[in-house]
Amino acid sequence: MTVSHHTSHKNKTFATLLAFLVGGLGLQRLYLRGPRDPWLWAHLAALPAAAAIAAAWPDADGFYKLLPIMVSGLVGFLEALVLGLMSDEKWDARFNPGSGMQSDTHWPLAVVLVASMMLGAGSLIATISRLFDLLYTGGSYG
């Protein structure tokens with residue numbers, strides 16, 4: 001008697017969309033690798049880290065209190081780009097080795113990638129600008 005192991009097929013567009021929309025919480029990592037993924041827990045650790053900073057330095061600028069969450073979100077945008085730009089063959093080899101199906105992504109993935117690039121780059125530039133404003137001028141420009 002032979003037991004066939006058929007695993008579920010992971011959708012590349014859906015994983016990229018998860019990373020784009022809620023990448024800061026690491027839900028794409030939960031979808032792809034499950035609850036044992038250490039990077040999932042690193043994403044989720046941003047929430048208590050932000051709370052700890054707010055509790056330890058209540059007079060700090062709100063930017064510093066939210067910085068762990070913002071960094072996790074920026075990493076989520078980066079993960080969306082990495083996942084979405086991976087070739088279908090490499091995707092299937094990494095995430096769908098036993099599914100018996102092949103990925104075939106189309107234009108919706110390109111839309112998610114363009115949005116990830118626009119929002120991710122804009123958010124990164126805004127974060128760096130605000131950080132430099134706070135560090136070098138004490139926040140006098142905002």
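Of the 142 residues in the protein chain, 32% come out as buried, where buried is under 20% relative accessible area, exposed is over 50% and partly exposed is what falls in between (1.4 Å probe, protein chains only). The model is a predicted one, so local features need pLDDT of at least 70 and side-chain atom pairs count only at pLDDT 80 or more, while totals for chains, interfaces and linings use all residues. Residues are numbered from 1 along each chain as its sequence is written, and side-chain values use heavy atoms, with hydrogens and water left out.

As for the overall build, the protein chain has 7 helices and 0 strands, with helices (H or I, at least four residues) and strands (E, at least two) taken as DSSP runs numbered from the N terminus. Read from the N terminus, the order is simply α-α-α-α-α-α-α. The radius of gyration is 19 Å, well over the 14 Å that the globule rule gives for 142 residues, so the chain is more spread out than a compact globule. That radius is taken over C-alpha atoms, and the rule is 2.2 Å times the number of residues to the power 0.38. Along its principal axes, the C-alpha trace spans about 70 × 35 × 15 Å.

Contacts, meaning heavy atoms within 4.5 Å, reach across the sequence: among those in the protein chain with a separation of 6 or more, 61% come from residues 24 or more positions apart. The accessible surface comes to about 8,900 Å², and 70% of that belongs to carbon and sulfur atoms; these areas come from the Shrake-Rupley method with a 1.4 Å probe, and for residues only the protein chains shown count as cover. On the charge side, the mean positions of the 9 positive and 9 negative charges are 6 Å apart.

The unreviewed UniProt entry lists residues 14-32, 39-57, 63-86 and 107-132 under "transmembrane region", though such annotations may be inferred rather than shown by experiment. Two of these spans were looked at in the model. Residues 14-32 are 79% helix and 0% strand, with end C-alpha atoms 10 Å apart. Residues 63-86 are 96% helix and 0% strand, and here the end C-alpha atoms lie 33 Å apart.

Turning to single residues, H43 sits in helix α3 (residues 38-44) and counts as buried because its relative accessibility is 7%. Neighbours within four places in sequence aside, H43 is in contact with G23, G24, L25, G26, Q28, R29, S72, V75, G76 and E79. The last of these, E79, belongs to helix α5 (residues 62-85) and is buried too, at 13% relative accessibility. With the same neighbours set aside, E79 is in contact with A19, Q28, R29 and H43. Q28 and R29 thus turn up in the contacts of H43 and again in those of E79.

Helix α5 also holds V82, which is partly exposed with a relative accessible area of 49%. The C-alpha atoms of V82 and L113 are separated by 9.5 Å, with their positions 31 residues apart along the chain. A121, in helix α7 (residues 107-137), is partly exposed at 33% relative accessibility. Its C-alpha atom is 8.7 Å from that of F77, a residue 44 positions away along the chain.

A55, in helix α4 (residues 46-56), is exposed, with a relative accessible area of 62%. A55 and L17 are 38 residues apart in sequence and 33 Å apart in space, C-alpha to C-alpha.

Terms used
Lys, Arg positive; Asp, Glu negative; His and termini not counted. Charge placed at Lys NZ, Arg CZ, Asp CG, Glu CD.
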